[in-house]
Structure formats: C-alpha cells, structure tokens
Amino acid sequence: MSKKKSKKPVEKIRLSGRNIYTDKKGRTIFYDLVTKKGYLVDKASENSAVFYKNRLVIILFAAILFGATFLTKIQALIAWAVMMALAEFAFRKVFLKKLEPVTDVDFERRVSALQYIIENKERGRVIALAFLYLLFAVLIVLNAYLEKYSTGLLVFSGCLALVGLYFGILHIIALTKMKK
C-alpha cells in the first residue's frame, strides 16, 4: 500500500493588490517594501491586513470628513498627519509583529484585483458592484455641483468619480471574462 500525503486545503483569502502575492506553496504573502520582507497572511489576520493595506485612503477620507464637518483645513491636515503616524506605527510595531516572516518567499504571482474578482465573486455581485461604482461616480460629481462646492472639493469629487469609474469598468471587464 502506498501512503499518500494529504494536503491541507488552502483557505481562500480575500486580499489582492500591489504587495499581495501567492507563492508556489499557495500561501498568501504580504511583501513590505520598506523592510524588504515577506509576511505570511493567514485567515485570522485577513481583516487587519485589508485595513492596513488601505490605511492611506481610509485616513484620507477620515481627515476630509473632519475637515468638512468641524475642523479648519489646518486642523484637518494636522489630524491627518497624526492619524497617519499612528496608523503607520500600529502597522509596523503591532500588525507586522503578529505575522510570521517568510524567508523562503518564492513569488509565484501577484494577485491582481481583476483576477481576484473573476475567481472569488459571484456574477450577480459583480454586476451589482459595477452598477454601484458607476452610480457613485455620477452622484459624487452631481452632489458637488448641486451643493456648489469650492474648487478644491470639486476637484476632489472629480478624483473620487474617476476612482468609481475605474472600479466600475474593472468590474465590467471582470464580468466579460467570467465563465457563465
């Protein structure tokens, strides 16, 4: 009788992006450009990894929200800088310390957003997201125009609309490449 090694099934992780890779062993690796090290991301660390991967955008939105509600532009800028410093400190000293460093990183492939959408999302959800991103792009500009925002906020709204348009088109492309 021959003994077969049973492979432990690799859990799907919902991470994709510039610094997310899968290696030849099927592991999800976060590569930190500053330390030039790879870190193994397991299912338990996935939600934290999503936050830290998007920390710059999340904190930018928070600073804009603070600036649009009750702070002056200078106070919002200071709040943004403090939040960025705290997030970077937490990322480097807390989050990365929890992850297992990988010394034998053998990068198989980068996990692109398009590839992730095609492989992990249902067709109906992709259709809904494409529609919602495109709707967001239109409504954010329309809102800025109707509320007579300043030039800076109009430009920012236009940039947000471009992001919405990009993700809408990305989901439409994914939809065309999905198997029926």
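1. Let's start with the helices and strands. This is a predicted model, and the protein in it has 6 helices and 5 strands. If you walk along the sequence, the order of elements reads β-β-β-α-α-α-β-β-α-α-α. How much of the protein is buried? Of its 180 residues, 31% are buried.

2. Now have a look at how the strands pair up. Strand S1 (residues 20-23) runs antiparallel to S2, and 3 bridges join the two. Find threonine 22 in your viewer: facing it in S2 is threonine 28. The hairpin of S1 and S2 has 4 residues between the strands, and glycine 26 there takes a positive phi near 85°.

3. Strand S2 has a second partner to check. S2 (residues 28-32) also pairs with S3 (residues 37-40), again in the antiparallel sense, over 4 bridges. Which residue of S3 is the bridge partner of isoleucine 29? That would be leucine 40. In this hairpin, too, 4 residues sit between the strands, and lysine 36 is the one to click on, with a positive phi near 60°.

4. Keep going from S3. Strand S4 (residues 100-102) is joined to S3 by 3 bridges, and the two run antiparallel. Here glycine 38 stands opposite valine 102 of S4. So much for the strands; on to the rings.

5. A search of the whole structure turns up 6 aromatic pairs. One of them is formed by tyrosine 52 and phenylalanine 91: the pair is tilted, with 5.6 Å from centre to centre and 45° between the planes. This pair links distant parts of the chain, since tyrosine 52 belongs to helix H1 (residues 46-53) and phenylalanine 91 to helix H3 (residues 73-98), 39 residues apart.

6. Are those two rings buried or exposed? The cut-off you need is that buried means under 20% relative accessible area. Tyrosine 52 has 13%, so it counts as buried. Phenylalanine 91 has 1%, so it is buried as well.

7. Stay with phenylalanine 91 for a moment. Together with phenylalanine 95, phenylalanine 91 forms another aromatic pair, this one stacked, at 6.0 Å centre to centre and 25° between the planes. Both phenylalanines lie in helix H3, 4 residues apart, which is about one turn of the helix. Both are buried, too.

8. Try selecting Phe30, Tyr52, Phe91 and Phe95 together, as ring pairs link them into a cluster. Then add arginine 55 to the view: its charged end sits over the ring of phenylalanine 91, 4.1 Å from the ring's centre. Phenylalanine 91 is therefore worth colouring, as it pairs with tyrosine 52, pairs with phenylalanine 95 and is buried at 1%.

9. Last stop: the surface. Which residues form a nonpolar patch there? They are Phe131, Leu132, Leu135, Val138, Leu139, Leu142, Tyr145 and Leu146, and together they have about 830 Å² of accessible area. Take leucine 142 as an example: its place is in helix H5 (residues 123-146). Partly exposed covers the range between under 20% for buried and over 50% for exposed. Leucine 142 has 41% relative accessibility, so it counts as partly exposed.

Technical notes
Residues are numbered from 1 along each chain as its sequence is written. This is a predicted model: local features need pLDDT of at least 70, side-chain atom pairs count only at pLDDT 80 or more; totals for chains, interfaces and linings use all residues. Side-chain values use heavy atoms; hydrogens and water are left out. Rings of Phe, Tyr and Trp (its six-membered ring) pair if their centres lie within 6.5 Å; planes under 30 degrees apart count as stacked, over 60 as edge-to-face and the rest as tilted. Buried means under 20% relative accessible area, exposed over 50%, partly exposed in between (1.4 Å probe, protein chains only). A charge sits over a ring if NZ of Lys or CZ of Arg is within 6 Å of the ring centre and within 35 degrees of the ring normal. Patches are made of residues with over 30% relative accessible area and no salt bridge: like charges are joined within 9 Å, nonpolar side chains (Val, Leu, Ile, Met, Phe, Trp, Tyr) within 5 Å. Accessible areas come from the Shrake-Rupley method with a 1.4 Å probe; for residues, only the protein chains shown count as cover. A salt bridge is a side-chain nitrogen of Lys or Arg within 4 Å of a carboxyl oxygen of Asp or Glu. Two strands pair if DSSP finds at least two bridges between them.
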